[in-house]
Amino acid sequence: MLLDKEAGTFSAFDFGLDRRLIKAVSRMGFIYPTLVQSKAIPLALEGKDLLVRARTGSGKTAAFALPTLHKVLLYKTEAATAVENTTSAAATTASTTRAGKRRQTPTASTARQQGGVLAVVLVPTKELCDQTFRTFWDLTYYCRDVVNVQALVGGGDAATMSAQQALLRDRPDILISTPSRLLSHLQAENVKLKDSVQTLVMDEADLILSFGYDEDVKQVVAALPRIYQGMLMSATLSPELDDLKRVVLHSPAVLKLEEGCTDGELLQFYVALPEADKLLLVFVFLKLGVLEGKGLFFVNSLDACYRLKLFLEQFSIRSAVLNAELPLNSRLHTLQEFNRGIFDFLIATDESMDAACGAGSDSEKEEEEQEEKEEEAEEEEAEKNKDEVVGEVEDMEGEKKKEGKKKGRKAAIAAKKPAAKEDEDEAGDEKGKRFGGGGEKGAVAQVFRYTPHRSSRENEGMCK
């Protein structure tokens, strides 16, 4: 981040900002403004529309947050002064009733008019929405009783929409949201922007376009007043951004901040090595101190994320994994701990993001088709085994019938034998009934072997 020390400190050269904001900036530990802040804040305070190109991490959030908050505070102060003056004038001009009682003349300005949303900040993601809200929250430390800032963060379920609807009833002064979420509330008539908005900010405008929010932005802009101050912040100025610029801005001042002095601080290396040596190289770099401070590792897959994390843990190197499959709260918590220094290395991948956008849909379909084929094969095998068991049971019943006929013949012959021989035959018959005959014992055992075999295959299919 390039500091513009020639512009002076925030305390010495306050840009004409409200003193409460300068105190909040000092409390946050900021001494010198960055280059984008020193160039953009004065132009924004003049009321000009801005198109700013500056790299990520250059301080763009404070560059638009400070003039936006100053404008809201100025409006609030002027409105409070106007209400006080109107109330005093109305108190001096009172009429007397016939009974001699004095009553105040009712006017439209005697009571303070309910306000609305004064500034809208659009960001591309929920995480950035929460991050921007925290910046506004810290900057309003000394004026939170005057300025109400709200962020529309959360899922699109009915419970979240109802909770956000309750927040919108409080008529926040500054509203931070993604374009699609704000549009949902506009369509549901939970918020009105036509008569109140004075400032529209789009942070990371290039990402907003790449995420496909261009139509949502146009509909949001259509719901705004015709006259407002617009600010577009972007890391790049692409041709697609020109169309959005014509929709959002009116004769903007363009700032293209290269910050070339910081380019030399970023060293880039390319090392060609076998797959098996990558983890070893990372370990050597970390242990030898080649990689100092906090680090961000990008990998190609979720498996590689957790493989690298487990490898680092073997050497007591703390790290965390960040990917789109994790819940939003988990991702925010991970980023907070990373910023607090709980761990120094963050391992990230965008594989699941590609899958969510449809890039990984083919592989997922192939896996699903493979699973379906395996399930069908298991069902066919189960049916085949079932038919075999049924055939064996039928053979068993046929054997029983033959055995019964043999027993009938044996009984006729046994009538002529001594009683001892008859008892011996009956004992043998009873034994045959108990075990189902000589050929049936093997068949029953085979059925019992089949049952656990079948259930184990079913459990295997469920695990898949």
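In which loop is E204 found? In this predicted model, E204 sits in the loop between β7 (199-202) and α7 (205-210). Its phi is near 50°, a positive value in a residue other than glycine, and at 9% relative accessibility E204 counts as buried because the limit for that class is under 20%.

**Backbone with positive phi**

Most residues other than glycine have a negative phi. Against that background, R171 also draws attention, since its phi is positive at about 55° although R171 is not a glycine. R171 lies in the loop between α5 (158-169) and β6 (174-177), and with a relative accessible area of 43% R171 is partly exposed, whereas E204 is buried. A glycine with positive phi is found as well: G47, with a phi near 90°, follows helix α2. The three residues are set out below.

| Residue | Phi | Place |
|---|---|---|
| R171 | about 55° | loop between α5 (158-169) and β6 (174-177) |
| E204 | near 50° | loop between β7 (199-202) and α7 (205-210) |
| G47 | near 90° | after α2 |

**Helix α2**

The helix that G47 follows spans residues 35-45 and is mostly covered, with 8 of its 11 residues buried. The buried residues of α2 are L35, V36, Q37, S38, A40, I41, L43 and A44, a list that includes the polar residues Q37 and S38. An α-helix has 3.6 residues a turn, so residues three or four places apart point the same way.

**A buried loop asparagine and two cysteines**

N323 is placed in the loop between β11 (319-322) and α12 (328-340), and its relative accessibility of 4% puts N323 among the buried residues. From this position the side chain of N323 reaches the backbone nitrogen of E325 at 3.0 Å, a separation that qualifies as a polar contact because the cut-off is 3.5 Å.

Two cysteines are also covered: C129 is buried, with a relative accessible area of 0%, and C305 is likewise buried, at 0%. The count of disulfides in the model comes to 0, where a pair of cysteine sulfur atoms within 2.5 Å would be needed.

**A nonpolar surface patch**

What residues form the nonpolar patch on the surface? The patch consists of L280, V284, L288, V290 and L291, which together have about 450 Å² of accessible area. Of these residues, L280 lies in helix α10, which covers residues 278-287.

Conventions. Residues are numbered from 1 along each chain as its sequence is written. This is a predicted model: local features need pLDDT of at least 70, side-chain atom pairs count only at pLDDT 80 or more; totals for chains, interfaces and linings use all residues. Side-chain values use heavy atoms; hydrogens and water are left out. Patches are made of residues with over 30% relative accessible area and no salt bridge: like charges are joined within 9 Å, nonpolar side chains (Val, Leu, Ile, Met, Phe, Trp, Tyr) within 5 Å. Accessible areas come from the Shrake-Rupley method with a 1.4 Å probe; for residues, only the protein chains shown count as cover. A salt bridge is a side-chain nitrogen of Lys or Arg within 4 Å of a carboxyl oxygen of Asp or Glu. Helices (H or I, at least four residues) and strands (E, at least two) are DSSP runs, numbered from the N terminus. Buried means under 20% relative accessible area, exposed over 50%, partly exposed in between (1.4 Å probe, protein chains only). A polar contact is a pair of N or O atoms within 3.5 Å; within protein, one must be able to donate a hydrogen and the other to accept it, and residues adjacent in sequence count only if both atoms are side-chain atoms.
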